Amino acid sequence: GLSPARSAGAPPTGGDITFLIDSLGSTWIPNNSAISSFQGHVWGHVTDKLVYVDADGKVSPWIAESWEQNGDATQFTLHLKKGVTFSDSTPLDAAAVVANLDIWYAGRKSDGINPIGLFPKTYERAEAVDAATVKVFFKAPTLGFIPTLGYHGSILISPKTIAQPAAQQADLSKTSGSGPYVVASWKEGDFVKLVKRKDYNWGPAAVGHTGPAYLNSITYKLVSEPSLRVAAVQSGQADVAYSPSPQELKSLKEAGFTIATPRYLGFVNGLAINTKLEPYNDVKVRQALQAGIDRKEIIDTVYTPDWKLATSFIQSNVPGATDHSDLLAYDPGKAEKLLDEAGWIKGANGIRTKEGKQLSLTLHSNPYLATAKSVDELIAQQLGKIGWKVTIRAYDVVTFGEKVRFGGPAVPAYEVTRSFIDAGTVASILTDANNGENWFNLGDSDKKLNELRDKIAGAASLDIRNPLLDELQTYVLEQGYFIPRTQIVQRIYVQSPKLKGEVYNGIAYASYYTATIGE
Amino acid sequence: MAAQDRLTANTFTRAERTAPVPLRPLPLLRVDGLSVSYGPHEVVTNVGFELGRGESLALIGESGSGKSTIARAVLRLLPSGGRATGRVAFDGQEVLDISERGFRPLRGRAIGFVPQDPANSLNPVRTIGAQAQEAAALLDEPDTAIRKQLILETFAEVGLDNPQRVYDSYPHQLSGGMLQRVLIGLAILPRPALLVADEPTSALDVTIQKRILDLLTRLQHDFKISLLLITHDLAIAAERANALVVLKDGVVQEAGRTASVFSSPASAYARKLRADVPALNPDRYAALRDAGFQTLKTGDAATPKIEVSAVTKTFTVDGKTLTAASDLSFTVPAGTTHALVGESGSGKTTAIRLLLGLEQPDAGTISVAGEPITGRSPQALRSAWRHLQLVYQNPFTSLDPTWTVEQLVREPLDRFKVGTRKERDERVREALADVRLGEHLLSRKPGALSGGQRQRVAIARSLVLEPEVIVLDEPTSALDVSVQADIVEVLLSLQANLGLTYVFVSHDLALVRQLAHTVSVMHRGRIVEHGAVTAIFDNPQQPYTKSLLASIPSGVSGAMHAQQPQLKLAVAAE
Amino acid sequence: MRSAYLSYAAKRFAQAVIVILLAYVFTFVVVSILPGDPITNVLRAPQNGFSEDQIRQIIAAQGLDRPIPVQLWTSLSNFVTGDLGLSMRSSRPVTTLIAEVLPSTLILASAAFAIALLLALTIAYGTQFVPKRCGQGLLRGFPSLFLSVPNFVIGLALIHIFGFQLGLFRVIAPDSFWATFFAAIALGGPVSARITEVLIANLDKESEQEYAAVARSRGLGQARLFARHLLKPSSLPVVTVIALAIGELLGGSLITETVFGRTGIGSLVQRSVSTQDLPVLQAVVSLAAVVFVLVNLIADLVYPLLDPRVKLIGGRRVRPTTADDSATATSAAVTS
Amino acid sequence: MTLASFSSVSRGTSLGWLSALRAPPTVALSFVVIALVIAWSVAPGLFTGHSPVAGVPAEKLLSPSAAHWFGTDHLGRDLYTRVVYGTASSVTSALIAVVIAAVAGGLIGLLAGFLGGWVDIVLARLVDVLLAIPNFLLAVIVVTAIGFDTTNAAIATGVSAVAVFARVMRSEVIKTRQAVFVEAAFLMGGSRWHILLRHVLPNASRSVLPLAVLQFGLSILVIASLAFLGYGDPPPASDWGLLISIGKDYLKWPWLVYAPAFVTIATVLSVNRISRWLRKTD
Ligand SMILES: Nc1ncnc2c1ncn2[C@@H]1O[C@H](COP(=O)(O)OP(=O)(O)OP(=O)(O)O)[C@@H](O)[C@H]1O
Ligand SMILES: Nc1ncnc2c1ncn2[C@@H]1O[C@H](COP(=O)(O)OP(=O)(O)OP(=O)(O)O)[C@@H](O)[C@H]1O
Ligand SMILES: [Mg+2]
Ligand SMILES: [Mg+2]
Ligand code: NI
């Protein structure tokens with residue numbers, strides 16, 4: 001139920017809800033925090049975006065009522081909705097948008113305000129043509145600009161707030177957005193209380209409601225133990241629990257609670273293989289890996305049927321994603337055969353060796369995903385059966401960032417969980433050209449991949465791009481460059497049945513702008 | 001032998017039970033078949049005795065023989081884990097099996113208790129006065145002012161000079177002697193019928209000891225209090241008690257009127273005990289002592305082994321200076337024993353620490369065997385210590401508890417690198433044999449040795465280097481008389497055989513008389529008198545020396561003069 | 001005597017100041033000398049999408065590329081003037097952060113302390129009145145049980161029983177009375193166990209002392225013996241243990257606050273530790289040191305006034321101790 | 001090997017066993033528990049037929065039964081087996097903590113107490129600083145600095161307890177240094193270092209032993225608490241603390257928390273009981 005299904009008649013207004021969350025992130029400086037998956041919940045209610053991206057990746061107007069782009073996608077013109085104001089009563093006009101675009105691109109580094117990392121680095125400048133028109137210039141074609149405006153980081157903040165020094169911006173109550181809610185009070189690491197803005201009247205048409213929100217207030221309260229969050233919702237002490245343990249979902253559902261497992265647009269959860277590293281430079285080994293993982297067992301054991309089998313290395317709801325389930329079928333016999341062919345012979349202890357070396361794989365569990373360790377353990381068991389020696393490493397966020405990197409010499413398989421709005425950006429991440437992330441450590445060595453990348457980047461329309469994307473998916477999976485595990489559900493919500501009408505956007509955040517609470 | 005004694009004790013109690021003497025007045029305290037065990041260990045077995053009104057009875061025996069245990073059983077103050085069986089009747093009333101509530105009225109009011117250790121017997125964080133008020137509460141006197149008056153009077157009575165100051169003091173502000181007097185005062189304040197005094201003087205100087213014993217005797221007379229006196233000092237018992245019960249390992253060895261027990265001890269144990277008390281046998285070692293002395297005298301008596309001249313030492317404590325040794329001079333000829341005597345704090349230990357170079361004097365010089373001791377660093381003194389050894393006062397602290405006997409005795413040989421491995425082993429065994437310790441003790445640790453054995457290990461350790469001079473700081477003060485006698489014998493025979501020179505510190509003048517050749521009497525850091533032992537003991541010149549000598553318990557029972565003929569006691573010999 | 005006390009007080013105070021400064025430096029050294037560069041690593045997280053060049057600029061802008069001694073000197077001189085700097089994580093002033101969470105921790109810690117003390121006194125003194133046969137052993141076993149259960153297990157169990165099953169408090173309102181009460185039990189439990197242990201050990205020691213027997217020989221009953229004789233000497237050494245226990249309350253708040261979802265110093269530390277937010281950590285450690293040092297200072301200064309045996313000699317506290325102080329010392333030391 | 005040294009530490013020679021036999025029943029029970037724990041860590045395979053890492057995913061989250069004494073976990077592994085196999089690491093890490101604390105603390109205390117003077121002053125301030133930072137806070141800071149795994153958590157726990165040992169050791173050394181037998185050793189011709197190592201150290205260490213035993217129990221708890229906060233080994237490690245902290249996410253299946261918690265509690269309780277007994281008998 002990702003679209004707002006509501007019956008006719010005026011929905012009840014009023015009511016307060018409590019949303020239990022496992023963390024409230026670190027800083028509230030808008031630029032530095034906007035892409036945190038925790039603060040995104042709050043920003044989603046306090047701020048608006050220029051465009052709206054729904055759960056299926058469809059881009060629709062919001063503060064930008066319409067837009068045009070030139071032929072090579074280097075100039076964009078945005079036409080803004082009129083009469084929109086920030087909660088500090090500053091108008092949300094062209095000047096404000098320009099101020100936002102500038103700080104997204106550049107940040108204010110000397111003041112500790114970072115740029116928005118995923119904002120196109122091809123940005124050149126923006127200018128206010130008139131109060132309601134903004135023209136944006138890029139140094140190179142940037143097809144993904146418009147979808148990016150609907151992405152986490154692109155939240156519109158009052159220019160007055162933007163002008164403030166970092167220490168002021170870090171105080172959430174001093175930050176003004178134009179969203180349907182404003183921050184009534186907050187305490188770091190404790191809670192954020194939002195109350196509705198009565199004069200709000202510019203919601204995204206895509207959610208079917210543009211007036212003020214129905215709920216009076218939303219309180220985001222930090223409770224770090226997942227079992228406590230769930231128990232609190234179960235006992236009626238709160239309305240929504242975020243990130244419960246998947247194992248509990250079945251019984252919760254049976255007890256009548258609403259379970260939401262919206263999928264964001266992005267990569268599936270899977271492993272990017274470092275093709276420079278022995279033995280993963282051998283395509284047969286990578287293919288054996290691809291066939292040696294029982295993805296269904298992962299869903300059955302660690303997750304619930306709410307999780308979907310991966311069909312490609314991008315989520316199936318991303319426009320342009322195609323179904324490659326056949327390439328991802330569990331076939332241990334095939335895997336063993338491939339390994340035998342590659343010269344990895346099973347030893348007495350069940351572990352395969354070649355030239356005295358063991359067939360080993362180190363998995364670095366993703367610290368951002370609570371279930372990552374369980375999945376890794378299960379994969380270790382599955383691969384163990386066909387002769388792999390799997391070691392699991394778990395680091396905290398800090399160390400993970402330091403030690404575990406794409407293509408790092410000690411990291412044979414990097415676990416990816418990453419959202420994006422536009423599939424067009426995918427190809428360029430895979431190699432090292434144009435600041436690409438070089439996921440498979442191929443550099444520029446794979447001709448076919450380079451070719452696909454360049455063609456996709458140069459595609460001026462989706463009709464040209466989609467077949468290329470399909471080819472890219474087939475190639476990457478066949479080569480065993482990327483080993484999908486499951487489609488990712490990074491955000492899981494357990495919700496009281498009384499609460500209805502929430503909407504999930506393209507990055508799987510729940511918005512309670514349209515929600516109502518009954519008795 | 002134990003079985004024999006037990007039998008006699010049993011015979012006695014049975015006889016008492018079956019055929020009570022009808023005309024005999026009811027004794028104040030009657031103990032009958034008393035056994036006490038701590039957990040599974042029975043430490044007092046079937047003890048019985050009687051104490052009449054106004055009389056005194058001494059429980060004697062070596063350390064650990066169960067004296068305190070009996071006292072505590074009578075007082076129902078056994079520590080947790082202690083269990084008493086048998087019968088204890090106080091004034092005809094059975095006290096062992098009545099309830100605590102029923103017994104409490106007797107406490108203090110009828111039975112007073114003077115504990116063994118004055119330093120730990122008063123609550124350290126409350127004033128003496130507050131604790132005295134507890135005792136005074138037992139009087140039927142409602143007025144606190146009057147009660148305080150009574151307390152102060154009692155303090156004066158027990159010889160405390162400034163009762164008001166004592167009243168306001170905390171225990172740590174008073175000396176041991178004062179505390180002991182306070183405790184006696186608190187015990188007699190409610191005028192009990194029975195006073196149980198557990199070694200009331202063992203921690204005190206001879207002079208104070210005498211004062212306190214006199215005080216107890218006087219109080220006993222004045223208030224017609226019965227006294228159960230516990231002591232390991234036979235001489236005191238002989239002097240102060242009407243009757244004796246001699247204990248060994250919790251079993252009565254002998255009991256009877258003091259006079260008869262002393263004149264004709266029936267048990268071998270009592271005989272040995274009597275023979276070992278120095279005060280009762282001043283000339284016991286004369287032959288042994290003088291034999292060694294004589295042989296040497298003919299040799300090089302002219303060259304003194306130890307020369308101490310005009311040594312002074314002051315300590316600064318709390319900004320106040322205290323002269324612990326002032327202008328000390330004495331010499332000790334080779335092969336003789338020189339004794340330092342004096343009451344506690346008179347500077348004896350300071351003198352010998354100076355002698356060993358463990359402290360440096362402020363003025364004066366000391367030389368031992370021609371080597372100067374003063375003004376040398378510990379490293380430089382090592383060569384002197386090779387021939388100069390010390391036996392400490394307390395055998396419980398001077399041996400490293402983690403080492404075995406063999407290691408302990410061997411240590412000086414290893415440190416001074418004497419001989420080969422084999423020779424060292426040999427020397428260790430010889431030294432142990434010298435002090436009459438068996439080789440089966442070699443692998444034991446001090447914790448598994450008795451006090452006497454430990455002190456012998458300490459002596460063996462100082463002997464093993466074959467030093468010329470051994471300094472002994474009250475080597476036997478912590479030990480029982482019988483153990484003491486053994487050690488003295490060992491020391492004297494070693495001196496006779498090896499020609500050792502001893503410096504012997506003691507406050508036990510009777511012991512000094514037994515074994516020393518020359519003596520220095522110390523008082524407040526000074527030597528007030530010195531010379532040959534016989535000369536000084538027979539004809540003291542200084543009043544201080546005289547008072548010291550007068551305090552030696554004579555072993556002649558004061559009670560023997562008292563008119564208590566009808567005293568009936570469990571005397572095995574009878 | 002007065003001057004001895006004053007010089008003692010002055011000396012202890014000087015020591016206290018030194019300890020606080022050293023604690024500040026110590027934290028700096030531990031967090032910054034050891035390998036790992038938290039700021040860079042956080043910035044490097046792939047979702048941020050920063051290039052290495054951007055990261056370098058950000059680091060330089062915050063002065064984090066200067067040599068360690070220079071950084072230490074700057075931060076130390078700021079600290080001395082009372083400036084605790086900005087949190088690296090949230091960019092807010094550290095003073096604000098601490099001021100925001102301190103009241104909650106103070107309430108929790110004082111509640112925990114009160115409960116711990118009450119519980120300890122009840123149990124320890126209770127052993128004096130409950131006869132051996134009627135469960136004295138049970139009472140005595142209580143502290144070691146509390147000392148063996150991980151603090152967070154107690155917390156989780158309390159929440160589930162009292163929060164969810166009995167509905168006494170709401171998990172989302174951890175500052176309510178009952179929630180605070182149970183959090184205080186979870187936090188104070190182990191502390192109370194330590195105090196109880198020391199108290200019982202002291203009581204046992206004191207009641208085995210000769211003076212207790214002598215007092216009993218004067219006809220005192222158990223109640224009066226306890227009240228007049230045992231209470232004070234057995235409770236005095238606890239003053240020291242209590243002072244040390246304060247530190248444990250602070251340390252324990254880390255777990256308790258996490259479990260109960262409270263916001264306080266403990267959860268602040270938890271958040272700062274994961275990002276190695278040095279200014280906050282330094283401030284908290286210094287704060288803990290200040291509290292610890294102050295409480296101990298008070299304990300040390302009060303002790304000579306309470307215990308008549310204590311002498312102050314040359315700015316040192318000297319107590320002519322009885323043989324067995326080491327048991328107390330050991331438990332006291334462990335408590336810290 | 002470490003375990004052997006632990007049991008020998010507990011009392012030493014045959015004499016020790018004799019007195020152990022004469023110990024009160026609760027102490028005897030404690031020894032039995034500890035013996036079992038040691039056996040688990042030395043030869044876990046003897047106590048269970050299941051594998052601690054490979055489970056049957058279909059049998060996940062079963063409640064305790066004859067086949068699975070402690071039930072199964074979220075991946076269908078036998079929890080009892082995981083507890084048994086996790087023992088070695090739990091015990092070893094607690095031992096590491098104790099050894100670090102005792103050795104470093106002991107050395108500091110020894111030097112401070114024996115050398116006195118400015119060495120004492122400097123070391124005393126260092127110890128004060130370590131004492132002034134609450135133990136657990138210190139452990140958390142150290143473990144973040146050196147990285148998250150069980151060994152590092154053990155090291156951090158050890159570091160946080162250094163001050164305690166230093167303090168006790170120092171006071172014991174000072175007490176011992178003033179002992180008569182130490183002066184006697186000088187008279188026997190011993191040098192300073194000889195006396196420090198052969199007389200002062202062994203004697204001062206005696207009261208450190210019960211403390212070390214106590215600290216062992218305490219370390220298990222601290223390391224478990226660190227695991228609870230996420231500073232433990234990666235899967236499939238099954239230290240008790242990790243098991244409890246994994247279990248707490250599955251509170252609907254309470255045995256996942258309470259079974260390992262029970263084992264931890266029993267062990268720590270036994271260790272504490274033994275420590276108290278050691279202190280009393282010494
Ligand atoms: N609380 C106790 N628990 C166990 N054994 C004890 C206890 N008190 C004394 N004993 C033992 O009981 C025996 C008798 O001790 P007691 O104190 O009665 O001897 P004593 O004759 O008074 O010795 P001393 O002259 O040294 O005071 C000794 O072996 C002693 O070790
Ligand atoms: N190291 C020291 N510092 C300060 N005062 C000391 C020191 N050693 C001894 N004194 C003092 O010097 C005086 C003499 O003490 P010393 O130990 O020599 O007496 P003693 O005759 O051996 O007494 P005892 O018979 O009790 O052993 C005492 O008042 C004592 O308090
Ligand atoms: Mg006695
Ligand atoms: Mg002396
Ligand atoms: Ni501490």
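**Reading a ligand shell and a helix face in chain B**

Tutor: In this predicted model, an oxygen atom of ligand 2 lies 2.5 Å from an N or O atom in the side chain of T349(B).

Student: Which other residues offer polar atoms to an oxygen atom of ligand 2, and at what distance?

Tutor: A polar backbone atom of G345(B) is 2.8 Å from an oxygen atom of the ligand, and an N or O atom in the side chain of K348(B) is likewise 2.8 Å from an oxygen atom of ligand 2. Taken alone, ligand 2 exposes 630 Å², of which the protein buries 64%.

Student: How many residues surround ligand 2, and which element gives the most to the shell?

Tutor: The ligand is surrounded by 14 residues, with S344(B), G345(B), K348(B), T349(B) and T350(B) the closest; by class, the shell has seven polar, four nonpolar and three charged residues. Helix α13(B) gives the most, with three residues, while β11, β12 and α13 of chain B each supply at least two.

Student: How should I read the burial pattern of a helix, and which residues of α21(B) are buried?

Tutor: The general idea is that an α-helix has 3.6 residues a turn, so residues three or four places apart point the same way. In α21 of chain B, which spans residues 543–551, the buried residues are Y544(B), T545(B), L548(B), L549(B) and S551(B). Viewed down the axis of α21(B), these buried residues fall within an arc of 160 degrees, so they line one face of the helix.

Student: What do the buried residues of α21(B) pack against?

Tutor: Their partners are the helices α8, α19 and α20 together with the strands β19 and β20, which also belong to chain B.

How values were computed
Residues numbered from 1 in each chain as written. Chains lettered and ligands numbered in written order. Predicted model: local features only at pLDDT ≥ 70, side-chain atom pairs only at ≥ 80, totals over all residues. Heavy atoms only, no water. Near = heavy atom within 4 Å. Polar contact = N/O pair within 3.5 Å; in protein donor to acceptor, adjacent residues only side chain to side chain. Areas by Shrake-Rupley, 256 points an atom, 1.4 Å probe, with all protein chains shown as cover. Helix = DSSP H or I, 4+ residues; strand = E, 2+ residues; numbered from the N terminus. Nonpolar A, V, L, I, M, F, W, Y, C, P; charged D, E, K, R; others polar. Buried < 20%, exposed > 50% of the residue type's maximum accessible area, 1.4 Å probe, protein only. Arc of directions from axis to C-beta. Contact = heavy atoms within 4.5 Å.
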